[in-house]
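Let's walk through a structure together, one feature at a time. The learner asks how to read each feature, and the teacher answers.

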Amino acid sequence: MTTSNTDEKLITKKDLLHSACNIGALGMEYSWNYPRQMHLAFCLMINPMLKKIYADDPEGYAEALTRHVAFFNITPQLAPFVGGIAVSMEERVAKGELEGAAVDSVKAALMGPLSGIGDSIFLGCIRVIAVAVGISLASTGNIMGPIAYFLIYNIPAFLVRFIGAVKGYELGFSFLANAEKSGLMEKVMFAAGIVGIMVIGAMSKDMFYATIPLKIGANVSGEDVQTVQTILDGIMPGMLGLSATWIYYWLLKKKVNPMWLILGTMILGVVGVYFGFLG
């Protein structure tokens, strides 16, 4: 194990800033896979710091690498924050003050709440604003269109990366313990749950691409023609998508095989369009 004193910090601010923009931090989506998702990129992000912490302990280093190739998934911009906390905890693990399993537990606890907040901010807010500004400029032939998009989206993203890595390391495990005692973590989880529900509700509306074009009330001249979709939208926009989401959710709770749901959806779509009751 390392021979540093308890209060001595091996990791410098330069190490943390570099981890926030190295190939692992910026490649969170490049090595993504279904079984463990961002695990390789996260491990690669903090690997240089793990080498410093376990410089005199090859076995401990191997165990740390094994810990950090476990399942991990988060909004990429917030990964350095979790990395900072994990590295701070790894220093304590190397000194024998903490069990390695605690690092996995903290990472797992942070993924959900931070992803709900991060996705809403970066994907649902900043990216939408950046695209709107960029397209409005580009549509007039202004070369600042793509540049504005790049700056509006990436400046806050990299600020969060850099600040998150440093603050995560500084706060470390003690912050999480205090947050748990004060009830702050429970409040954050509750808020993140609300944000998550809002995101799912918006996605169920915007990612459902079917309508019911059946006409109601058509006369000889074709005036005052309404469709079922128009009526549903008048009652509540997105009702069809929300209803479909709940039906699929109910079927999944009944243990219906997802592959049957996918095949059934494809068949229903083809038949619906052919006979005209779906569009």
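Q: Let's start with a single residue. Is Lys-255 buried or exposed?
A: This is a predicted model, so keep that in mind as you go. Lys-255 has a relative accessibility of 75%, and because anything over 50% counts as exposed, Lys-255 is exposed. You'll find Lys-255 in the loop between helix 10 and helix 11.

Q: And what is the phi of Lys-255?
A: Here's the general idea: most residues other than glycine have a negative phi. Lys-255 isn't a glycine, yet its phi is positive, at about 65°.

Q: Where does Gln-37 lie, and what is its phi?
A: Gln-37 lies in the loop between helix 2 (23-26) and helix 3 (39-53). Gln-37 has a positive phi too, about 60°, and is not a glycine either.

Q: Is Gln-37 buried or exposed?
A: Check the accessibility again. Gln-37 comes out at 14%, and the cut-off for buried is under 20%, so Gln-37 counts as buried. As for what lies across from it in space, look at Phe-71: the two residues are 34 apart along the chain, but their C-alpha atoms are separated by 6.4 Å.

Q: Can we step back? How many helices and strands are in the chain?
A: Sure. The chain has 11 helices and two strands. Going along the sequence, you read α-α-α-α-α-α-α-α-β-β-α-α-α. Of the 279 residues in the chain, 34% are buried.

Q: How do I read aromatic pairs, and how many does the structure hold?
A: You describe a pair of aromatic rings by the distance of the centres and the angle of the planes. This structure holds six aromatic pairs. Take Trp-32 and Tyr-34: their ring centres are 5.0 Å apart and their planes sit at 80°, so this pair is edge-to-face. Trp-32 is partly exposed, with 30% relative accessibility, while Tyr-34 is exposed, with 71%.

Q: What about Phe-42 and Phe-72: what is the angle between the planes?
A: That angle is 40°, with 4.4 Å from centre to centre, and the pair is tilted. The pair links distant parts of the chain, since Phe-42 is in helix 3 and Phe-72 is in the loop between helix 4 (58-67) and helix 5 (79-94), 30 residues apart. Phe-42 and Phe-72 are both buried.

Q: Which residues touch the most other members of the largest nonpolar core?
A: Those two Phe residues come up again: Phe-42, Tyr-54 and Phe-72 touch the most other members, in a core of 37 residues. Helix 3, helix 4, helix 5, helix 6 (100-138) and helix 7 (144-182) are the elements that give two or more residues to this core. Helix 5 gives the most, with nine residues.

Q: Helix 5 is also the place of Glu-91. Is Glu-91 buried or exposed?
A: Glu-91 is buried, because its relative accessible area is 3%. If you want a landmark from the core, try Tyr-54: the C-alpha atoms of Glu-91 and Tyr-54 are separated by 8.6 Å, with their positions 37 residues apart along the chain.

Q: What sits over the ring of Phe-158?
A: For this feature, look for a charged end above the flat side of an aromatic ring. Here the charged end of Arg-161 sits over the ring of Phe-158, 5.7 Å from the ring centre.

Q: Last one: how much space lies in the largest pocket, and which residues are closest to its centre?
A: With a pocket, you look at the volume, then at what lines it. The largest pocket has about 640 Å³ of space. The lining has 21 residues, and the closest to the centre are Phe-208, Ala-244, Tyr-248, Thr-265 and Leu-268. By class, 16 of the lining residues are nonpolar, five are polar and none is charged.

Q: Which helix supplies the largest share of that lining?
A: Helix 10 does, with eight residues. Helix 10 (239-253) and helix 11 (258-275) each supply at least two residues of the lining. Ala-244 lies in helix 10 and is buried, with a relative accessible area of 13%. Ala-244 and Phe-208 are 36 residues apart in sequence, and 8.5 Å apart from C-alpha to C-alpha.

Methods:
Residues are numbered from 1 along each chain as its sequence is written. This is a predicted model: local features need pLDDT of at least 70, side-chain atom pairs count only at pLDDT 80 or more; totals for chains, interfaces and linings use all residues. Side-chain values use heavy atoms; hydrogens and water are left out. On a 1 Å grid over the protein atoms alone, a cavity is a set of points where a 1.4 Å probe fits but cannot get out, and a pocket is an open set with protein on both sides within 12 Å along at least five of seven lines; lining residues have an atom within 4 Å of a point. Grid points are joined across faces, edges and corners, and a volume is the space filled by probe spheres set on the points. Helices (H or I, at least four residues) and strands (E, at least two) are DSSP runs, numbered from the N terminus. Ala, Val, Leu, Ile, Met, Phe, Trp, Tyr, Cys and Pro count as nonpolar, Asp, Glu, Lys and Arg as charged, and the others, Gly among them, as polar. Buried means under 20% relative accessible area, exposed over 50%, partly exposed in between (1.4 Å probe, protein chains only). Rings of Phe, Tyr and Trp (its six-membered ring) pair if their centres lie within 6.5 Å; planes under 30 degrees apart count as stacked, over 60 as edge-to-face and the rest as tilted. A charge sits over a ring if NZ of Lys or CZ of Arg is within 6 Å of the ring centre and within 35 degrees of the ring normal. A nonpolar core is a set of buried Ala, Val, Leu, Ile, Met, Phe, Trp, Tyr and Cys residues joined through side-chain atoms within 4.5 Å.
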